[in-house]
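Me: I'd like to go through this model and ask why each label was given. Could you walk me through the reasoning as we go?

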Amino acid sequence: MNSNNTLRGILKEFEAGRISADAAEELIDGLRIEKIGNIANIDLGRSVRCGMPEVILAEGKRTEHLTEIVEKILPVSGRCLITRVSRDQADVLINISESLAFFSSYNETASTVFISREPDIEKSGGRVGIITAGTSDLRVAEEAKVIAEVMGCEVKTAYDVGAAGIHRLFPAIKEMLDVDAYVVCAGREGTLPTVIAGLVDRPVIGVPVSVGYGYMGQGQAALAGMLQSCAVLTVVNIDAGFTAGAFAARIANMAGENRG
């Protein structure tokens, strides 16, 4: 059964006789909450209800609390993505994965750990393009890439192709004209999403990055510039790579389902 379940997908599996009525009922129960002591309520039905998995934010959590949450969710869901992890937290999570005989992958640039019972992620047919203005935007772009891949998308990337050398952009776009949605990360004045939105016929999601200094630095000018864009694009919060990647994947997965 596809780990990126949707309600339609579950019903198709039941109709084809690949899962039982009891199994379908359990998967469709979109209000299932797993309570973990007095520290967390894990939303196990999010994938079916919202089309994206429950994701654990490590930032601000004590390691023992994070460990308890992950150890509880893995046997039930079979997979878990943890974001904004420190190096020490990543080591602990990888050890948990090994003790459970699960597979894990640590993306140091994105500060993410993905743990799964299965070695491979089933593809949804969706395609996402991720572009950055500069190399300093990679940490945010890689976070977007990880969640889009976890949600089953094929991801194409083009990094460091911003407005300071705009001629670099056109070969990059040419390689990803078949994607269903673009995530474009840019700091400083945040020009790149507007430029790309004026060149392509697919949705563009702009991500302001906290790169820049002085007046309206740390992503504020980029956010303001994207919000004032003369092109049609969606804008997420500063450094919100996860949000942009998940939103792009939802768009792409709908497009992939229609193609399939």
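Reply: Happy to! Let's begin with a cut-off: a residue counts as buried when its relative accessible area is under 20%. Gly 206 has a relative accessible area of 0%, which is under that limit, so Gly 206 is buried. Please keep in mind that this is a predicted model.

Me: Where is Gly 206 found, and what is Gly 206 in contact with, leaving aside its neighbours within four places in sequence?

Reply: Gly 206 is found in strand S10. With those sequence neighbours left aside, Gly 206 is in contact with Val 184, Pro 193, Met 226, Leu 233, Thr 234, Val 235 and Val 236. As for Leu 192, Gly 206 lies 14 residues from it in sequence and 8.4 Å from it in space, C-alpha to C-alpha.

Me: Why does Met 254 count as exposed?

Reply: The label exposed needs a relative accessible area over 50%. Met 254 has 55% relative accessibility, so Met 254 counts as exposed. This residue is found in helix H10. The C-alpha atoms of Met 254 and Gly 126 are separated by 7.3 Å, with their positions 128 residues apart along the chain.

Me: What makes Glu 122 partly exposed?

Reply: Partly exposed covers the values between the buried cut-off of 20% and the exposed cut-off of 50%. Glu 122 has 43% relative accessibility, so it counts as partly exposed. Its place is in the loop between strand S6 (112-116) and strand S7 (127-132). Glu 122 and Cys 153 are 31 residues apart along the chain, and their C-alpha atoms are separated by 8.8 Å.

Me: Is Cys 153 buried or exposed, and what about Cys 230?

Reply: Cys 153 has a relative accessible area of 0%, under the 20% limit, so Cys 153 is buried. Cys 230 has 77% relative accessibility, over the 50% limit, so Cys 230 counts as exposed.

Me: How many disulfides does the structure hold?

Reply: Zero. A disulfide would need a pair of cysteine sulfur atoms within 2.5 Å.

Me: Why is H6 called oblique to H10?

Reply: In general, two packed helices are described by the angle between their axes and the distance between the axes. The axes of helix H6 (residues 138-150) and helix H10 (residues 241-259) come within 7 Å and cross at roughly 40°. Angles under 35 degrees count as roughly parallel, and 65 to 115 as roughly perpendicular. The angle of roughly 40° falls in neither range, nor is it over 145, so H6 is oblique to H10. H6 passes H10 in a right-handed crossing.

Me: Which residues meet there, and how do they divide by class?

Reply: On the H6 side, Val 140, Glu 143, Ala 144, Ile 147 and Ala 148 take part, and they meet Gly 241, Phe 242, Gly 245, Ala 246 and Ala 249 in H10. The residues of this contact divide into seven nonpolar, two polar and one charged.

Me: What makes H4 and H5 roughly parallel to each other?

Reply: The axes of helix H4 (residues 63-77) and helix H5 (residues 87-99) cross at roughly 30° and come within 11 Å. The angle is under 35 degrees, so H4 and H5 are roughly parallel to each other. H4 passes H5 in a right-handed crossing. The contact is made by Thr 63, Leu 66, Thr 67, Val 70, Glu 71 and Leu 74 of H4, together with Gln 89, Val 92, Leu 93 and Ile 96 of H5. By class, that contact has six nonpolar, three polar and one charged residues.

Me: What stands out about the phi of Asp 160 and of Met 216?

Reply: Most residues other than glycine have a negative phi. Asp 160 is not a glycine, yet has a positive phi of about 65°. Met 216 is not a glycine either, and has a positive phi of about 55°. Asp 160 sits in the loop between strand S8 (154-158) and helix H7 (169-174), while Met 216 has its place in the loop between strand S10 (204-208) and helix H9 (220-227).

Me: Why are Asp 160 and Met 216 labelled partly exposed?

Reply: Asp 160 has a relative accessible area of 31%, between 20% and 50%, so Asp 160 is partly exposed. Met 216 has 30% relative accessibility, which is also in that range, so Met 216 counts as partly exposed.

Conventions: Residues are numbered from 1 along each chain as its sequence is written. This is a predicted model: local features need pLDDT of at least 70, side-chain atom pairs count only at pLDDT 80 or more; totals for chains, interfaces and linings use all residues. Side-chain values use heavy atoms; hydrogens and water are left out. Axes are lines fitted to C-alpha atoms, for helices over the stretch in contact, and angles run from 0 to 180 degrees between N-to-C directions. Helices (H or I, at least four residues) and strands (E, at least two) are DSSP runs, numbered from the N terminus. A crossing is left-handed if the near helix is turned anticlockwise from the far one by less than a right angle, and right-handed if clockwise. Contact means heavy atoms within 4.5 Å. Ala, Val, Leu, Ile, Met, Phe, Trp, Tyr, Cys and Pro count as nonpolar, Asp, Glu, Lys and Arg as charged, and the others, Gly among them, as polar. Buried means under 20% relative accessible area, exposed over 50%, partly exposed in between (1.4 Å probe, protein chains only).
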